[in-house]
Amino acid sequence: MTECVSILGSTGSIGTQALEVCSKLNIRVAAITANRSIDLLEEQIRRFKPRLAVAGTKEYADKLRAAVKDTDTIISYGMDGLMEAAVIKEADTVLTSVVGMIGLRPTLAAISARKNIALANKETLVAGGDLVMSSAAESGVRIYPVDSEHSAIFQCLQGCHDKKMLKRLILTASGGPFFGKTYEQLKNVTVEEALNHPNWSMGAKITVDSASMMNKGLEIIEARWLFDVSADNIDVVVHRESIVHSMIEYVDNSVIAQMGVPDMKIPIQYALTYPDRTACDVGVLDLTKACSLSFYEPDYETFRCLGACKAALKRGGTAPVLVNGANEEAVSMFLNGKISFTDIGEIVETVTQNIKVDTADTLDNILAADLAAREYAKQYIKQ
Ligand code: MG
């Protein structure tokens with residue numbers, strides 16, 4: 001069980017819920033980081049008294065330093081600050097809930113400093129899966145999934161003492177706000193419609209990813225690395241109610257599912273208390289009130305990101321880095337009104353045909369591929 005944590009991305013949806021869990025379980029907080037939300041960061045400094053707090057830029061850090069000069073918290077900023085927070089001495093676990101590829105370097109640094117990782121930053125594993133998992137094995141640290149689907153699989157696997165008995169992983173997907181729509185119907189959807197998720201309240205990037213089903217594609221790649229299961233043995237089913245958080249199937253065709261109300265506090269807490277469980281401040285699942293649980297085949301024609309991610313995973317090397325980088329850039333362009341919703345899928349689907357796929361065994365190769373993919377996405381709107 002975690003005694004002291006460093007939280008990278010403490011002001012986002014996962015970060016704020018993680019702090020609530022820490023408060024309830026008396027887990028100390030050594031460091032917190034944010035990009036721009038320095039007012040909330042100040043509140044968190046006063047409440048949790050971390051030794052270090054990190055803001056996105058020097059300007060934000062200066063403002064924050066002035067605001068909290070009556071406290072003992074040291075203020076730092078940028079990637080250097082994130083790296084300091086990742087290796088801070090007191091923490092035994094680093095919870096990474098930053099959004100995007102920016103989490104990769106701090107995660108690798110935390111692993112080298114022998115911290116266990118509570119991973120809520122899926123892009124890190126999508127881009128650097130091989131590197132992250134092999135460094136974790138080398139340093140003898142554990143990666144605990146925070147993503148609800150991967151936490152579900154991790155929980156289902158607790159009774160599995162031999163990987164040979166495992167047949168496949170079944171990730172559930174809510175289907176997002178555009179379930180049942182055709183590709184044509186998605187061409188003119190607005191940012192507001194894409195941000196209107198039926199079951200989960202999350203940040204903007206992941207909410208758009210859920211609407212395009214890119215999120216599930218990224219989760220397939222994340223699952224491949226977390227559980228060492230090949231792409232062919234990871235399936236997706238659309239499950240509208242978000243009660244079954246994911247499943248595993250054994251060789252005897254027995255299926256184990258993890259269920260619960262859709263509340264991220266459960267997976268966050270399990271990542272911090274593993275192997276123990278403690279009472280959690282979430283609703284009780286009443287299946288008689290849930291009425292019915294429905295399951296559907298995903299629509300790969302409409303949600304092109306899903307197939308593109310699976311193809312990238314099979315292709316290997318930097319192909320997953322490319323689909324992820326292209327998507328990060330495309331989502332930001334979509335949120336800024338520069339491209340349409342379906343352009344996201346077009347960009348993600350075509351990036352691996354236009355940018356050379358390299359090996360993904362060094363950080364340099366990964367960062368170069370990420371940059372090339374973002375450039376490709378930016379060029380796409382100029383065409
Ligand atoms: Mg998820």
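In the sequence, the residues that donate to the magnesium ion follow the spacing D-x1-E-x69-E. Two of these donors bring distant parts of the chain together: Asp147 sits in the loop between strand E7 (143–145) and helix H7 (148–156), while Glu219 belongs to helix H11 (residues 214–227), 72 residues apart. The structure is a predicted model. In this model the magnesium ion is coordinated by Asp147 (OD), Glu149 (OE) and Glu219 (OE), at 2.1 to 2.2 Å. Asp147 and Glu219 are both buried. The donors also take part in charge pairing, since a network of salt bridges links Lys122, Asp147, Glu149, Lys216 and Glu219.

Salt bridges were examined next. Side chains of opposite charge can pair when their charged atoms come close. The count of salt bridges in the model comes to 27. One of them is formed by Asp62 and Lys58, whose closest N and O atoms are 3.1 Å apart. These two residues are four apart in helix H3 (residues 58–67), so about one helical turn separates Asp62 from Lys58. Asp62 counts as partly exposed because its relative accessibility is 33%. Lys58 is also partly exposed, with a relative accessible area of 46%.

Other salt bridges join separate elements. Glu123 and Lys205 meet through their side chains in a salt bridge, at 2.8 Å from N to O. Because Glu123 lies in helix H6 (residues 122–139) and Lys205 in helix H10 (residues 204–212), the pair ties together parts that are 82 residues apart in sequence. Both Glu123 and Lys205 are buried. A salt bridge is also found between the side chains of Asp235 and Arg168, with an N to O distance of 2.7 Å. Here two strands are involved: Asp235 is in strand E9 (residues 234–238) and Arg168 in strand E8 (residues 166–173), so this pair ties together parts 67 residues apart in sequence. Asp235 is partly exposed, at 24% relative accessibility, and Arg168 is partly exposed at 25%.

Burial was then considered along helix H4 (residues 78–87), in which Gly78, Gly81, Leu82, Ala85 and Ala86 are buried. Seen down the axis of H4, these buried residues fall within an arc of 140 degrees, so they line one face of the helix. The cover over the buried residues of H4 includes strand E1 (4–8), strand E2 (28–33), E3, strand E4 (74–77), strand E5 (93–96) and helix H5 (104–112).

Strand E3 (residues 52–55) contains Leu52. With a relative accessibility of 4%, Leu52 counts as buried. When neighbours within four places in sequence are left aside, the contacts of Leu52 are Ala30, Ala31, Ile32, Thr73, Ile74, Ser76, Gly81, Glu84, Ala85 and Ile88. Two of the residues in contact with Leu52, Gly81 and Ala85, are among the buried residues of H4. Leu52 and Leu335 are 283 residues apart in sequence, and their C-alpha atoms are 32 Å apart in space.

At the surface, Met259, Leu287, Leu293 and Phe295 make a nonpolar patch of about 330 Å². Leu293 is placed in the loop between helix H12 (265–273) and helix H13 (304–315). The relative accessible area of Leu293 is 32%, so this residue is partly exposed.

Some backbone features remain to be described. Most residues other than glycine have a negative phi, and most peptide bonds are trans. In the model, a cis peptide bond joins Tyr274 and Pro275, with omega about 5 degrees. Pro275 lies in the loop between H12 and H13. Arg114 is not a glycine, yet has a positive phi of about 60 degrees. This arginine is placed in the loop between H5 and strand E6 (116–119). At 57% relative accessibility, Arg114 counts as exposed. Ser242, likewise not a glycine, has a positive phi of about 50 degrees. Its place is in the loop between E9 and strand E10 (244–250). Ser242 is buried, with a relative accessible area of 5%.

Note on methods. Residues are numbered from 1 along each chain as its sequence is written. This is a predicted model: local features need pLDDT of at least 70, side-chain atom pairs count only at pLDDT 80 or more; totals for chains, interfaces and linings use all residues. Side-chain values use heavy atoms; hydrogens and water are left out. Donors are N, O and S atoms within 2.8 Å of the metal (3.2 Å for Na, K and Ca); water is not among the atoms, so sites may look incomplete. Buried means under 20% relative accessible area, exposed over 50%, partly exposed in between (1.4 Å probe, protein chains only). Contact means heavy atoms within 4.5 Å. Patches are made of residues with over 30% relative accessible area and no salt bridge: like charges are joined within 9 Å, nonpolar side chains (Val, Leu, Ile, Met, Phe, Trp, Tyr) within 5 Å. Accessible areas come from the Shrake-Rupley method with a 1.4 Å probe; for residues, only the protein chains shown count as cover. A salt bridge is a side-chain nitrogen of Lys or Arg within 4 Å of a carboxyl oxygen of Asp or Glu. The arc is that of the directions from the helix axis to the C-beta atoms.
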